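Let's take a walk through this model together, from one helix to the core around it and on to some aromatic rings. Please have your viewer ready.

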Amino acid sequence: MATKKTSGKAKAAPKASDAEPKKTRGRAAATGTKGGKAAASAAKNARPEDARAPQTEVKGAPAPAAKAGAARTVETPASAPADASAPARAKAGPRMPGGISPRPLLAGNPYLPQVATVAEIIQETRNIRTLRVVLDDAGAMERFTFEPGQVGQLSVFGAGEATFVINSPPSLKDWLQFSVMAAGEVTEAIHRLSPGDKVGVRAPLGNFFPWREWKGKNVFFIGGGIGMAPIRTIMLHLLERKAEYGKISLLYGARSPQDMAYSYELDDWKRNPDLDCTLCIDNPCEDWPHKVGLIPRVLEELSPSPENTVAVLCGPPIMIKFTLQALEKLGFAPENIVTTLEKRMKCGIGICGRCNIGSHYVCVDGPVFTLKELQALPSDM
């Protein structure tokens, strides 16, 4: 997402080429030069029932920012009404097999970010920081809704913007949380921010985890390193609705204990009776009481049953590649394996064509895909 989102590069998701197919490039260029026609065409072809992203509109002048210094840990309610945070126009159902869905456009100027204030910064690891930001427009903050797995464009004025998953649960209305790994010019600029600084937010964007389709099933989450960011969002969302699901499990791994994000939440996750939590690191470490080994090997050791179970994984590409192989070896069907793709998402609304895979766009048709959906994508990735 993201957070620096990661992608699987298994046989189902071969490496993407930066070069766009000629037809797609031509279409993207034509669309980009005719902004009014692009919006009119999207509106003409859009079907309300297929809209995935909630509509967001910037209104009025920014209100005073909320005070910084919020609590470090997020407390999620024990239970919440089903679908309470879901936008009215977001509906469950087939996502890609029937064809590409219309590209949603945000209300107003989709390129105009909402101004937000950094309320708190948490140093997760040596190269990962979590930002909690509050929209300056108090009304917009109160109305803001999103689905687990959706992303946002976070911008540092004068440096640029980049895409990260919103990794706070939708039920939390105090702030929007983004976890950022330092990996380039924009992310390093984000790491230089301090509480009280201003940023831009364009969100929510993209599709989301089809959690409504998982009701009544077991869900096995697998997070590696920074890939725990999108997993955290959907996991907390499901735990708020535990009565609607079967067994919820988590396998979270990193290179070392120092490379584990959200370390201040791990004890609570281990103690949670509704969550079967397994932690692992790559190599032995003194005083480490949990599993040691790479995630695919620990996964095979745990050997979760594929019966009535959905596996959801996010992490570095190499981890996803071999974890997908392990899941297939354990008997998980492609439609029951869910992961995320990462391609550089520039506009976030399917106009620029920067993140296309054939006629599909990661920024709107993804970043969430089932393995079955990935297998249907062209092999030019």
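What follows is a short tour of a helix, two nonpolar cores and a few ring contacts.

This is a predicted model, in which local features need pLDDT of at least 70, side-chain atom pairs count only at pLDDT 80 or more, and totals for chains, interfaces and linings use all residues. Residues are numbered from 1 along each chain as its sequence is written, and side-chain values use heavy atoms, with hydrogens and water left out.

A good place to begin is helix H5, residues 228-239. Helices (H or I, at least four residues) and strands (E, at least two) are DSSP runs, numbered from the N terminus. The expected span of a helix is 1.5 Å times one less than its number of residues, so the twelve residues of H5 should span 16 Å, and the 16 Å between its end C-alpha atoms agrees. Twelve of the twelve residues of H5 are buried, so the rest of the structure largely encloses this helix. Here buried means under 20% relative accessible area, exposed over 50% and partly exposed in between, with a 1.4 Å probe and protein chains only.

Now look at the cores. A nonpolar core is a set of buried Ala, Val, Leu, Ile, Met, Phe, Trp, Tyr and Cys residues joined through side-chain atoms within 4.5 Å. The largest has 39 residues, of which Trp-214, Phe-221, Leu-238, Leu-250, Trp-269 and Val-312 touch the most other members. Among the elements that give two or more residues to this core are strand E7 (218-224), helix H6 (263-271) and strand E11 (309-314). H5 gives the most to this core, with eight residues. A second, separate core of 29 residues includes Ala-116, Val-156, Ala-162 and Ile-166.

How many aromatic pairs does a search of the whole structure find? There are two aromatic pairs. Rings of Phe, Tyr and Trp (its six-membered ring) pair if their centres lie within 6.5 Å; planes under 30 degrees apart count as stacked, over 60 as edge-to-face and the rest as tilted. Phe-144 and Phe-146 have ring centres 6.0 Å apart and planes at 50°, so they make a tilted pair. Phe-209 and Trp-214 are also tilted, at 6.3 Å centre to centre and 50° between the planes. Phe-209 is buried at 0% relative accessible area, and Trp-214 is buried at 4%.
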